[in-house]
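Hi,

Here's the structure I said I'd pass along. Have a look at it first, and then read on for what turned up.

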Amino acid sequence: MKKIALFLMMISSLFAGELKLSGTVISDDTKMIASRFMGFVEKVYVNEGDYVKKGELLYTIDSKEIDLAKSQVELMIQQARLAVQMNENMLHNVRLNYERHKRLFEKGMVAKYELENMELMFKNTKDMVEIAKKQLAQAKAKLEEVNHQYEYLKLKAPNDAVVIQKNIKEGQIAIPGMPALVITSLDNLKVLVEISESNLNVVKIGKEAEVFIPSVKFRAKGKITSIIPASNPMTHKFKVKISFDKQGNSDIIPGMYSEITIR
């Protein structure tokens with residue numbers, strides 16, 4: 001009987017020049033939070049249903065692997081600095097010998113090939129100093145990269161949102177790419193409705209619709225933003241999304257029942 005009554009109501013509304021639909025408030029900005037590195041979860045700061053602010057810490061991952069990488073890079077820096085110092089000392093001595101050979105050659109006291117050998121040694125030593133300096137610079141850049149990786153161990157909220165799914169606990173292993181948390185924004189809300197293909201001619205992108213959320217007695221003008229051209233094979237209905245301005249009403253959240261009127 002209820003189905004017949006609902007059908008009659010829809011038929012009467014069509015004849016009255018309006019289409020009434022039931023829908024659900026959804027968020028068009030849902031994000032899956034996952035870690036970039038594998039490691040043990042040290043601390044989880046949120047639970048399902050919690051509201052979080054942009055930049056708020058969600059969970060942290062153990063840093064032992066990065067600590068090891070950092071110590072290795074710091075050792076590379078020490079070795080590179082030592083190499084620079086040793087090559088610069090060698091260059092100083094080679095330069096003195098080269099200058100001395102030039103003076104002796106001008107006086108005819110050394111052969112030309114000896115001067116040429118010293119000149120080649122001087123050039124090679126200068127190149128060794130430059131290579132050592134580049135290796136030191138690379139090691140320092142690597143250290144900056146490793147230090148930056150610590151930030152990836154602190155997973156933070158990318159925007160104001162509510163936590164709708166939590167898949168991790170302290171002590172578990174965080175796997176790269178596997179969603180640990182799912183959060184959804186409360187700013188960009190829409191209403192999702194289903195419409196039969198026989199009524200598709202009534203809806204157009206950009207057309208206005210009236211939005212009513214009974215639980216919070218909220219009314220607003222909405223606008224059809226998308227018509228998804230893939231019908232449900234069981235019901236032969238199409239999904240339609242309607243955007244609306246919640247006017248700062250913090251009581252409106254995803255999942256609420258809503259009523260839509262399209263005239």
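Let's begin with one pair of residues: S226 sits opposite K241, which belongs to strand 13. One thing to keep in mind while you browse is that this is a predicted model.

That pair leads into the strands around it. Strand 12 and strand 13 run antiparallel, with six bridges joining them. Strand 13 also pairs with strand 10 (residues 189–196), again antiparallel, and here there are seven bridges. If you want a spot to click on for the strand 10 pairing, try I195, which stands opposite F238 in strand 13.

Two loop residues in this part of the chain are worth a look for their backbone angles. K217 is in the loop that links strand 11 (208–213) to strand 12 (218–228). Its phi is near 55°, which is a positive value in a residue that isn't glycine. K217 counts as exposed because its relative accessibility is 66%, and the cut-off for that label is over 50%.

Q247 is the other one. You'll find Q247 in the loop between strand 13 (237–244) and strand 14 (257–262). The phi of Q247 is also near 55°, so here too you have a positive value in a non-glycine residue. With 55% relative accessibility, Q247 counts as exposed.

Now for another sheet. Four strands make up an open sheet, ordered 6-5-3-8, with antiparallel pairing. Strand 6 (154–156) and strand 8 (173–174) are at its edges, and each has a single partner strand, so one side of each has no neighbour in the sheet. Strand 5 (residues 57–61) and strand 6 run antiparallel and are joined by three bridges. Within that pairing, T60 has K154 in strand 6 as its bridge partner.

Which residue of strand 3 should you look at for the surface? I'd pick F40, which lies in strand 3 (residues 39–44). F40 counts as partly exposed because its relative accessibility is 48%, between the 20% and 50% cut-offs. F40 also belongs to a nonpolar surface patch, along with M38, I173, I175 and M178. Together these residues have about 510 Å² of accessible area.

That's what I have for now. Shout if you'd like to go through any of it together.

Cheers

Conventions
Residues numbered from 1 in each chain as written. Predicted model: local features only at pLDDT ≥ 70, side-chain atom pairs only at ≥ 80, totals over all residues. Heavy atoms only, no water. Patch = residues over 30% accessible without salt bridge, like charges linked within 9 Å, V, L, I, M, F, W, Y side chains within 5 Å. Areas by Shrake-Rupley, 256 points an atom, 1.4 Å probe, with all protein chains shown as cover. Salt bridge = Lys/Arg side-chain N within 4 Å of Asp/Glu carboxyl O. Buried < 20%, exposed > 50% of the residue type's maximum accessible area, 1.4 Å probe, protein only. Pairing = 2+ DSSP bridges.
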